Amino acid sequence: MAVLQGRDLIEPLDFSVEELDGLFDLSMRVMDRPGDFAKKCEGKLLATLFYEPSTRTRFSFEAAMLRLGGKVLGFSGEQNSSAAKGESIADTVRTVACYADIAVIRHPKEGSARVAAASADVPVINGGDGGHHHPTQTLTDLLTIRKEKGRLRNLRVGLCGDLKFGRTVHSLIKALARYEGMEFYLISPEELTVPEYVRKDIKGGNGSRCAEVERMQDVLPRLDILYMTRVQKERFFNEEDYVRLKDSYILDAEKMGLASADMIVMHPLPRVNEISTEVDADPRAVYFKQAKNGMYARMALIMALLGADN
Ligand code: NCD
């Protein structure tokens with residue numbers, strides 16, 4: 001994976017399909033024999049710059065680096081950094097790059113990770129830039145699909161919930177549209193449909209087909225994958241709209257009865273109300289496995305960007 005050494009990961013298409021395959025092969029090797037990788041990043045430091053709340057992304061990055069024998073440092077919440085004094089992202093990242101070998105940034109502004117990457121001479125990873133992209137969640141999602149469905153083509157994928165502000169959806173669609181035979185079913189209230197640039201990504205993909213619907217039940221029986229999302233409260237301009245839309249979809253055992261026996265249910269988490277906890281025991285629910293896969297995907301990514309994978 002020497003090709004990835006020193007690179008950044010800001011948007012889902014920054015790596016080619018072949019480069020991604022290499023990363024997923026490496027992730028699978030780490031999953032099988034974690035002990036073989038326990039010293040791969042000894043002496044290396046990962047910086048986590050989290051200007052927005054996070055559980056899975058930050059913890060899985062930290063766990064990934066620690067399990068590779070490296071160390072981590074960082075802040076969580078901009079009140080804990082000089083951003084609170086008015087420092088720009090560019091200056092903060094440039095400084096952090098003096099101390100660390102690789103950095104991951106999450107920030108509420110779209111495009112912030114791109115700015116960070118331009119200011120740092122170490123690899124920078126986008127851990128989510130506002131309602132725009134979240135490419136490492138996409139690594140997690142693609143790895144999960146490859147493991148659970150055995151392929152990354154000819155899939156009927158339903159994406160449900162907040163498709164307007166949900167950055168995981170934007171990144172996943174962009175990444176999946178590169179593969180052949182994809183059918184997307186975009187399930188959302190009219191006010192939360194995907195932004196126009198995402199529709200363009202589908203059209204510009206590898207001949208993917210797409211349908212937009214409001215009722216989940218209408219498409220559920222034909223899906224291979226149902227990707228649920230949370231309504232993104234923090235991106236709404238007013239509370240009233242959020243309250244009106246937050247429970248637009250609730251996946252429960254009854255609705256699962258409409259789905260095929262081998263459909264999988266994914267969710268980037270955190271879940272609020274959109275998947276009833278009764279679904280958790282259904283073997284088709286893979287969202288917690290997906291969260292675990294995220295750590296392995298990030299271990300592979302860190303090794304590849306640091307050139308520590310051979
Ligand atoms: C997602 C995010 O931050 O965009 N969470 C995550 O990283 N797993 C999804 C969300 O917050 O709804």
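**Domain arrangement and the largest pocket of the predicted model**

The C-alpha centres of domain 1 and domain 2 lie 25 Å apart. Domain 1 comprises residues 2-132 + 294-306 and domain 2 residues 135-290, the bounds coming from an automatic or database domain assignment. The structure is a predicted model, in which local features need pLDDT of at least 70 and side-chain atom pairs count only at pLDDT 80 or more, whereas totals for chains, interfaces and linings use all residues. Residues are numbered from 1 along each chain as its sequence is written, and side-chain values use heavy atoms, with hydrogens and water left out.

The contact between the domains (heavy atoms within 4.5 Å) takes 34 residues from domain 1 and 24 residues from domain 2. About 2,400 Å² is buried between domain 1 and domain 2, 61% of it on carbon and sulfur atoms; buried area is the accessible area (1.4 Å probe) that two parts lose on being put together, summed over both. On the domain 1 side, the residues losing the most area to domain 2 are Pro12, Phe24 and Arg56, which together account for 24% of what that side buries.

Between domain 1 and domain 2, 4 salt bridges are counted, a salt bridge being a side-chain nitrogen of Lys or Arg within 4 Å of a carboxyl oxygen of Asp or Glu. The whole structure contains 22 salt bridges. One of these joins glutamate 19 and arginine 7, with their closest N and O atoms 3.0 Å apart. This pair links distant parts of the chain, 12 residues apart, with glutamate 19 in helix 1 (residues 17-32) and arginine 7 in the segment before helix 1. Helices (H or I, at least four residues) and strands (E, at least two) are DSSP runs, numbered from the N terminus. A salt bridge is also formed by the side chains of arginine 235 and glutamate 52, at 2.9 Å from N to O.

Pockets were located on a 1 Å grid over the protein atoms alone, a pocket being an open set of points where a 1.4 Å probe fits, with protein on both sides within 12 Å along at least five of seven lines. The largest pocket has a volume of about 420 Å³, this being the space filled by probe spheres set on the points, which are joined across faces, edges and corners. Its lining (residues with an atom within 4 Å of a point) consists of 21 residues, with Arg106, Arg167, Arg230, Leu269 and Pro270 nearest the centre. At least three lining residues come from each of domain 1 and domain 2, and helix 2 (56-67) and helix 6 (167-176) each supply at least two.

The peptide bond from leucine 269 to proline 270 is cis, with omega near 5°.
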